[in-house]
Amino acid sequence: VHDYLSGMLSLRNDGATVAEITGKYLGNGMKQVMRIFSVILLVMVGVVFMVGSAGILASLTGTSNTLWIIIVLVYFFCATLLPIDQLIGKFYPIFGICLIVMAVGVAGGTIINAIKDPINHPMVELTFQNLRDDGLPMWPFMFVTVACGAISGFHATQSPLVARCVTSE
């Protein structure tokens with residue numbers, strides 16, 4: 001919802017950023033606050049993605065975490081400076097294939113384990129019942145997840161790029 005609304009606001013305001021839209025309705029001071037806020041959040045999101053990705057790659061390859069941080073940082077700079085079709089566009093089909101293979105693997109493994117040993121590996125049942133052993137509700141996790149996307153800043157700053165590519169609402 002946040003991404004969609006950010007995109008629609010930008011689209012209806014000629015591709016303006018969230019900071020520019022804020023300035024339009026709340027004044028120049030709030031526009032500057034929003035710019036600073038967006039930059040801080042983008043840096044924080046970038047650091048989390050960089051360190052998280054580097055940690056996963058280091059654990060998978062047995063190499064240094066610092067090495068992977070440098071590699072990911074170089075990739076970030078290249079992805080920022082080069083046009084999308086020159087760098088990211090070439091990797092995305094590979095990522096898409098990996099996601100399909102992982103989804104088929106998880107589904108296949110779940111089905112095979114359920115057939116082999118239905119007592120210890122039952123098929124996951126989709127239900128709206130609370131299945132937590134301790135009886136605590138699931139709602140707090142949903143709000144953390146939604147809040148994470150809503151305040152990340154990344155999506156709100158990328159919406160103008162999409163809005164500038166769309167010719168008609």
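The following legends describe close-up views of a predicted model.

**View 1. A nonpolar surface patch formed by residues of helices H2 and H3.** Tyr25, Leu26, Met30 and Val33 together make this patch, which covers about 430 Å². Helix H2 comprises residues 18–26 and helix H3 comprises residues 28–61, and each of the two supplies at least two residues of the nonpolar patch. Among the patch residues, tyrosine 25 belongs to helix H2. Tyrosine 25 has a relative accessible area of 57% and is therefore exposed, since that value is over 50%.

**View 2. Threonine 22 in helix H2.** Threonine 22 has a relative accessible area of 15%, so this residue is classed as buried, the limit being under 20%. When neighbours within four places in sequence are left aside, the contacts of threonine 22 are Gly27, Met30 and Met34. One of these, Met30, also contributes to the nonpolar surface patch of the preceding view.

**View 3. Helix H3 along its length and at its end.** Helix H3 contains 34 residues, and at 1.5 Å a residue these should span 50 Å. The C-alpha atoms at the ends of H3 are 49 Å apart, which agrees with that expectation. The buried residues of H3 are Ser38, Leu41, Val45, Met50, Ala54 and Ala58. Just after the helix, glycine 62 adopts a positive phi of about 75 degrees.

**View 4. Leucine 11 and its contacts with residues distant in sequence.** Leucine 11 is part of helix H1, which runs over residues 2–12. Its relative accessibility is 19%, and leucine 11 therefore counts as buried, because the value is under 20%. With residues up to four places away in sequence not counted, leucine 11 touches Ala163, Val166 and Glu169. The C-alpha atom of leucine 11 is separated by 8.7 Å from that of serine 168, although these two residues are 157 residues apart along the chain.

**View 5. Cysteine 78 and cysteine 98, two partly exposed residues.** Cysteine 78 has a relative accessibility of 31% and counts as partly exposed. Cysteine 98, at 38% relative accessibility, likewise counts as partly exposed. Both values fall between the limits of 20% for buried residues and 50% for exposed residues, which explains why each cysteine is placed in the class in between. A search of the whole structure finds zero disulfides.

Notes. Residues numbered from 1 in each chain as written. Predicted model: local features only at pLDDT ≥ 70, side-chain atom pairs only at ≥ 80, totals over all residues. Heavy atoms only, no water. Patch = residues over 30% accessible without salt bridge, like charges linked within 9 Å, V, L, I, M, F, W, Y side chains within 5 Å. Areas by Shrake-Rupley, 256 points an atom, 1.4 Å probe, with all protein chains shown as cover. Salt bridge = Lys/Arg side-chain N within 4 Å of Asp/Glu carboxyl O. Helix = DSSP H or I, 4+ residues; strand = E, 2+ residues; numbered from the N terminus. Buried < 20%, exposed > 50% of the residue type's maximum accessible area, 1.4 Å probe, protein only. Expected span 1.5 Å × (residues − 1). Contact = heavy atoms within 4.5 Å. Disulfide = S-S within 2.5 Å.
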